[in-house]
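The following dialogue asks how descriptive terms for a protein model are justified. Each answer sets a value against a rule and draws a conclusion.

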Amino acid sequence: MAHGPAKGLSRWFYTTNHKDIGSMYLWFSFAMFFLGGIFALVIRAELFQPGLQIVEPGFFNQMTTMHGLVMVFGAVMPAFVGLANWMIPMMVGAPDMALPRMNNWSFWILPFAFAMLASTLFMEGGAPNFGWTFYAPLSTTYAPASVTFFIFAVHIMGASSIMGSINIIATILNMRAPGMTLMKMPLFVWTWLITAYLLIAVMPVLAGVVTMMLMDIHFGTSFFDAAGGGDPVLFQHVFWFFGHPEVYIMILPAFGVVSAIIPTFARKPLFGYSSMVYATASIAFLSFIVWAHHMFTVGMPLLGEVAFMYATMLIAVPTGVKVFNWVTTMWRGSMTFETPMLFSIAFVVLFTIGGFSGLMLAMAPADFQYHDTYFVVAHFHYVLVPGAIFSITAAVYYWLPKWTGHMYDETMGKVQFWTAFIGLNITFFPMHFSGLAGMPRRIPDYNPLWADWNMISSVGAFMFGAAQLLLLYNVVKTIRGGKKATAEVWEGSHGLEWTVASPAPYHTFTTPPEVK
């Protein structure tokens, strides 16, 4: 007996449609973004002034841990997988993802993983309280009982990432339209192909390190316990061998998004397509050989410090190539500044600032001073918030008309951008100063010397949070209806977004509004 299409909730439970699954990933990541944001606002409310205001130090540590874990694994990564699900089949001319049922499964295990992680907040002893890097032996010897549930949740997230990556690689390599060679693929597809290989390489490393933790906690091993012959520094080596490529997993798809948007609104083909591909591959390779720059202060040999210092500085070269290419694409272009373009330009500027502070941290002697201060917090938030969050937001605005058939509210989009942009800089720029003045990370109380900068940061954080409510309202309003999406400036993307390898014919560019 033939069955019709599934209706209601069952449509979402059983769907193998890449667009449905992409939408579910995006909504899930949005929910996790708000949850992680609430944890961040608890942190900033506590730090508004010196002294203990609203939470106990133990709960404050739980908030820093949960904020990091939820933002990295729950907000940024699923959002990029959602964009990949939606766009990659359309960009390569495939009818769907290569492995549709596995696609469904890789999504549906995620809500259970994060429900388990969030449930640790209500367990005896509270949630994990050792920071998102969960350094042993703090996370194995002195951790609350809930750490076992945290380890299981990490395993499930890792399984989801590996399945999603296999699916993306199989789709890109096997299902491209006839005539679409690798060097004719849009850069978003290229960045995800490289990212998927990174995920498959490093997620088993994360699984290994949390399994070693599990053995130390429950089965009497001493991988990380010096009293039993283990080595706590081994944990840091294994963790950061996963952790540093993970940072690039969160930024490479952002490069692909921005490489689609800037040519559209500059009305020029992307400058230096092949150099962008090679730069992306170089960054991915180098990300594997710089992990110990997170560990300059553990007492490694001088030669080790020098090797990791130079390797880290070397990453600035392919990254600089990409920034140069984006700026050159905009140079003398017929630019207009719709919301996706504003987010993309902000991405280029602020990501570059994050890159410069990263170069400072790459210098081992300087890192001895900066290590575990708010300067480091400022650095990685300047990379991840304008890098990952802004590019995801830009992608949502850019592709929303394609997804829904409706145009978002441009004025509200611009208001949301400026609120987020100003809020972001008010939040994170002062952290450079409090960090250089010596303020350590992960402390709920602090010297009044740092009070002014912390007050400014907290105000900015609530401003940035309010901006995301505008985004939610704009997206929901667009989905429910609104102005019918027309080609407008997006006409320019047809010759640019799908065949970026060769210059688009002149007629695919829309006449700028002021000329019409």
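The questions below concern this predicted model, beginning with the whole chain and then turning to its two domains.

Q: What makes the secondary structure of the chain helical or stranded?
A: The chain comes to 17 helices and zero strands. Its secondary structure therefore consists of helices under the rule that a helix run has at least four residues and a strand run at least two.

Q: Why is the chain called as compact as a globular protein of its length?
A: The globule rule gives 24 Å for 516 residues, and the radius of gyration of the chain is 23 Å. The two values are close, so the description applies.

Q: How do you know which residues of domain 1 and domain 2 are in contact, and how many are there?
A: Contact requires heavy atoms within 4.5 Å. By this rule, 42 residues of domain 1 are in contact with 53 residues of domain 2. The two domains bury about 4,000 Å² between them, 79% of it on carbon and sulfur atoms.

Q: What does the rule find for salt bridges across the interface of domain 1 and domain 2?
A: A side-chain nitrogen of Lys or Arg would have to lie within 4 Å of a carboxyl oxygen of Asp or Glu. Across this interface the rule finds zero salt bridges. Five residue pairs are nevertheless counted in polar contact between domain 1 and domain 2.

Q: Which helix gives the most to the side of domain 1 that touches domain 2?
A: Helix 3 does, with eleven residues. The residues of that side divide into 34 nonpolar, six polar and two charged.

Methods. Residues are numbered from 1 along each chain as its sequence is written. This is a predicted model: local features need pLDDT of at least 70, side-chain atom pairs count only at pLDDT 80 or more; totals for chains, interfaces and linings use all residues. Side-chain values use heavy atoms; hydrogens and water are left out. Domain bounds come from an automatic or database domain assignment. Buried area is the accessible area (1.4 Å probe) that two parts lose on being put together, summed over both. A polar contact is a pair of N or O atoms within 3.5 Å; within protein, one must be able to donate a hydrogen and the other to accept it, and residues adjacent in sequence count only if both atoms are side-chain atoms. Ala, Val, Leu, Ile, Met, Phe, Trp, Tyr, Cys and Pro count as nonpolar, Asp, Glu, Lys and Arg as charged, and the others, Gly among them, as polar. The radius of gyration is taken over C-alpha atoms; the globule rule is 2.2 Å times the number of residues to the power 0.38.
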